[in-house]
Amino acid sequence: MIIYLLCFALFLIGLYGLITKRDLIKIILASGIMGYAANLMIVLFGYRRSGVYPILEKGKETAVMVDPLPQALVLTSIVIELGTTAMLVALTIKLFNKYKTFDISKIRRLRG
Amino acid sequence: MSEKQGLTVIVKTITRTILAIIFLYGFYIILHGHLSPGGGFGGGVVLALGFLSVLLAYGRPPVQKWLNIPVLHSVESSGPLLYVALGLLGIGAGGAFLLNTLGKGRLFDLWSSGFILPLNVVIGIKVGLSLFLAVWALTEWDPEKGDDI
């Protein structure tokens with residue numbers, strides 16, 4: 001149970017950074033931390049104590065395996081997170097191009 | 001190629017030396033995706049990181065001379081088409097989408113998974129090129145020159 005709470009604490013760290021920071025780069029990093037926390041939690045759902053990796057190999061005995069389904073799910077989630085991050089970076093480059101700053105409190109002329 | 005662009009000569013030499021090893025490792029992971037951890041996505045990321053190391057060490061103009069970027073765009077865009085074509089082979093054989101029409105081979109051989117190996121190769125090329133081209137598109141803007149994208 002404690003590991004799930006720790007994952008949630010990591011998620012809250014990312015949320016804190018997302019809300020309080022003013023630098024756009026730090027906001028992107030904070031959103032990445034939130035995604036990592038969610039991925040870690042999903043992988044830990046499939047964990048079994050003293051389980052082996054779920055791959056059949058030559059000469060390997062059948063034993064208790066960890067669940068491969070959350071791992072496959074997280075692989076997709078990582079790809080989507082990568083796309084999100086790339087889009088955030090592209091938007092940040094556009095904003096820096098227009099306003100010459102990463103500080104969101106100085107990006108004001110949003111109308112027109 | 002001018003010495004101003006990119007990083008120092010040490011970084012350039014080491015990048016030239018290990019680039020082939022990086023690509024070899026990426027292709028190994030792609031081709032053995034059905035036997036060991038890895039597969040199309042992981043191997044494709046390794047390939048993309050090989051391209052990115054060259055981009056970081058040498059800068060943009062030498063990479064533009066080295067690679068034919070429009071052709072890479074075309075190859076990357078044709079990846080999903082190739083995947084769909086491989087999937088339609090199953091329907092053409094009278095079964096479901098992505099039905100395995102190749103032989104299964106012996107267990108633990110390289111040729112032991114039917115369609116998974118060609119699909120892994122397609123996914124690896126697609127992932128590697130699209131990751132590299134995403135970063136390539138992000139480096140297009142030059143902070144020195146300013147507001148002309």
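Trainee: Helices here are DSSP runs of H or I, at least four residues, numbered from the N terminus. Going by that, where does B:Leu98 lie?

Mentor: In the loop between H4 and H5 of chain B. Keep in mind that this is a predicted model.

Trainee: And what is phi of B:Leu98 near?

Mentor: Near 65 degrees, which is a positive value in a residue other than glycine. Most residues other than glycine have a negative phi.

Trainee: Is B:Leu98 buried or partly exposed?

Mentor: Partly exposed, because its relative accessibility is 30% and the partly exposed class runs between 20% and 50%.

Trainee: Chain A then. What is the phi of A:Lys100?

Mentor: About 60 degrees, so A:Lys100 also has a positive phi without being a glycine. A:Lys100 is found in the segment after helix H3 of chain A, a helix that covers 68-99. With a relative accessibility of 48%, A:Lys100 counts as partly exposed.

Trainee: Different topic. How many residues are in the largest nonpolar core?

Mentor: The count is 18 residues. Those with the most contacts inside the core are B:Val63, B:Leu67, B:Ile69 and B:Phe132.

Trainee: Which helices of chain B each supply at least two residues of this core?

Mentor: Helix H1 (9-31), helix H2 (40-58), helix H4 (69-92) and helix H5 (116-138). H2(B) gives the most, with seven residues.

Trainee: What is B:Val63 in contact with, leaving aside neighbours within four places in sequence?

Mentor: B:Val54, B:Leu55, B:Phe132 and B:Trp136. One of these, B:Phe132, is also among the residues with the most contacts inside the core.

Trainee: On to charges. How many salt bridges does the structure hold over all chains?

Mentor: One. B:Lys126 pairs with B:Glu76, and the closest N and O atoms are 2.8 Å apart. The pair links distant parts of the chain, with B:Lys126 in helix H5 and B:Glu76 in helix H4 of chain B, 50 residues apart.

Trainee: Is B:Glu76 buried or exposed?

Mentor: Buried, because 13% relative accessibility falls under the 20% cut-off. B:Lys126 is partly exposed, at 24% relative accessible area.

Trainee: How far is B:Thr13 from B:Lys126, C-alpha to C-alpha?

Mentor: They are separated by 28 Å, and by 113 residues along the chain. B:Thr13 lies in helix H1 of chain B and is partly exposed, with a relative accessible area of 32%.

Trainee: Which residues does B:Asn120 touch, not counting those up to four places away in sequence?

Mentor: B:Ile30, B:Gly33, B:His34, B:Gly39 and B:Gly40. A polar atom of the B:Asn120 side chain lies 3.1 Å from the backbone nitrogen of B:Gly40. B:Asn120 lies in helix H5 of chain B and counts as buried, with 11% relative accessibility.

Trainee: Last topic, the interface. How much area do chain A and chain B bury between them?

Mentor: About 1,200 Å², with 78% of it on carbon and sulfur atoms. The contact takes 15 residues from chain A and eleven residues from chain B.

Trainee: How many salt bridges are there between chain A and chain B?

Mentor: Zero. For residue pairs in polar contact across the interface, both at pLDDT 80 or more, the rule also finds zero. The side of chain A that touches chain B has ten nonpolar, one polar and four charged residues.

Technical notes: Residues numbered from 1 in each chain as written. Chains lettered and ligands numbered in written order. Predicted model: local features only at pLDDT ≥ 70, side-chain atom pairs only at ≥ 80, totals over all residues. Heavy atoms only, no water. Core = buried A, V, L, I, M, F, W, Y, C linked by side-chain atoms within 4.5 Å. Buried < 20%, exposed > 50% of the residue type's maximum accessible area, 1.4 Å probe, protein only. Contact = heavy atoms within 4.5 Å. Buried area = accessible area lost by both parts, 1.4 Å probe. Salt bridge = Lys/Arg side-chain N within 4 Å of Asp/Glu carboxyl O. Polar contact = N/O pair within 3.5 Å; in protein donor to acceptor, adjacent residues only side chain to side chain. Nonpolar A, V, L, I, M, F, W, Y, C, P; charged D, E, K, R; others polar.
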